[in-house]
Amino acid sequence: MNMLTIGNMKKEIKIMQTSAQLTFQDKLGAWKARWGINRMNYKVEPGLYRLGNPNENSPVLVTANYKLTFDSLRKELSGLDTWILVLDTKGINVWCAAGKGTFGSNELINRMAIVQLDKIVAHRTLILPQLGAPGVSAHEVTKYTGFKVIYGPVRAKDIKEFIQSGMKATPEMRTLKFSVYDRLVLTPIEFVGTIKPSLIIFGVLFLLNLMGLGPFGLVDFYGYMGAVIIGCVLTPVLLPFIPGRAFAWKGWLLGLVWAILVNWLNGWPSNPQYSLLQALGYVLVFPAVSAFLAMNFTGSSTYTSLSGVLKEMRIAVPAIIISIVIGCLLILVNSFI
Amino acid sequence: MKHQYLKNVTTLKLDQSLCTGCGKCTEVCPHQVFAIINSKCSTIDKDSCIECGACVKNCPFHALEVRPGVGCAAAVIKSWLTGGEPSCDCSSGGGCCS
């Protein structure tokens, strides 16, 4: 704790200590957040942190108070002495918080005043993550605080090189990527999100069985689960390799391959027991399920725009609904015959 | 492999007459949409624009315009069901805010 005397009033400036080392607890917490466990309450306290042994000339890095964000920044800072100013973004990452405005000019200006940053450092420069830019107006922050805002690299792993090269970002550091690994770490939460609706669907099928409208069995189960995994895991992972541009289309295409495979594995068309109605029902339902889930991955991707998503959805959403409704009807009719 | 989303959809507009060529937009754009050519900003890859609004917010001369928004189908569905603008609010699942 530093003590400063302002006028007659003694004002404590609270500075918290942190380090570049992640503990087992931190890593376990990150894993849990990826699976949706305690994810919406994974926060650190907003305010000023000391990493290493910073002095009045050390750089000030600004970040969000989602713990996964804070940890991924500090683990890249080993061997450096820096200040970290954590904004209160309600436990949301920099990019989403910037879109909402919680990682924004107002919060930044207020937080700087609360921690009295102008008394702690002698220089007048802040380093913000580039992905915070949609929420922050650099020239306005400068106007109100006198601090110059420099946007650092997109990814925390480049921050050390950025600082050591005198705050110069290469075009590479400025570009938002979306690698196989980036996409893969997002798939667990996509899958977890499907569990609840899937259980409801299984419940309905079970009731239909009890009412004698079935039987729905193993083929329906694994066919559906396959469509789900294609939509929320396989399509995201293979994203740039699937032909076409719209996400729903990409999911539908893989789902179609799957539906044909399920039909073929169960003896269609050679097995006369396997009716055309059922085969057609699967072809209408499974690709539509995959398409819907793949479409929802637009929100996790780093290269979709609202205008693009709206355009895609105007076609995809009605098509998906019609396809699923007709497909379900065909399957039900088939179980009557 | 470069990701490519739908073409000719962005609402991004640039008024070159207001631009001073300061280059702030090239600093904040996460998809390298802009380049400074002959001390003026040009859009060199408009189809990569994701309408995040970073350039508009950080242009001191108001030379840029966009309808900012999130390219998120779940947010759009939610806005259809509840009214209002699609916003990034993943408190009920979805992977974007992780």
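A polar contact here is a pair of N or O atoms within 3.5 Å, where within protein one must be able to donate a hydrogen and the other to accept it. Keep that handy for this predicted model.

**Exercise 1.** Work out what holds the A/B contact in terms of residues, area and polar pairs.

*Solution.*
- Start with the head count: chain A brings 55 residues and chain B brings 46.
- Next, the area: about 4500 Å² is buried between the two chains, with 62% from carbon and sulfur atoms. On the chain A side, A:Arg245, A:Tyr303 and A:Leu306 supply 17% of the buried area, more than any other three residues.
- Now the polar part: 24 residue pairs are in polar contact, both at pLDDT 80 or more, while the salt bridge count is zero.

**Exercise 2.** Which element gives the largest share of the side of chain A that touches chain B?

*Solution.*
- List the elements giving two or more residues; among them are α10 (187-210), α13 (276-296) and α14 (306-336) of chain A.
- Pick the top one: α14(A), with nine residues.
- Sort that whole side by class, and you get 31 nonpolar, 15 polar and nine charged residues.

**Exercise 3.** Describe how domain 1 (2-176) and domain 2 (181-336) of chain A meet.

*Solution.*
- Their C-alpha centres sit 41 Å apart.
- Six residues of domain 1 touch six of domain 2, burying about 560 Å², 69% of it on carbon and sulfur atoms.
- Within domain 1, A:Arg34, A:Trp35 and A:Leu176 lose the most area, together 85% of what that side buries.
- Between these domains, salt bridges come to zero, and so do residue pairs in polar contact (both at pLDDT 80 or more).

Conventions. Residues numbered from 1 in each chain as written. Chains lettered and ligands numbered in written order. Predicted model: local features only at pLDDT ≥ 70, side-chain atom pairs only at ≥ 80, totals over all residues. Heavy atoms only, no water. Domains from an automatic or database assignment. Contact = heavy atoms within 4.5 Å. Buried area = accessible area lost by both parts, 1.4 Å probe. Salt bridge = Lys/Arg side-chain N within 4 Å of Asp/Glu carboxyl O. Polar contact = N/O pair within 3.5 Å; in protein donor to acceptor, adjacent residues only side chain to side chain. Helix = DSSP H or I, 4+ residues; strand = E, 2+ residues; numbered from the N terminus. Nonpolar A, V, L, I, M, F, W, Y, C, P; charged D, E, K, R; others polar.
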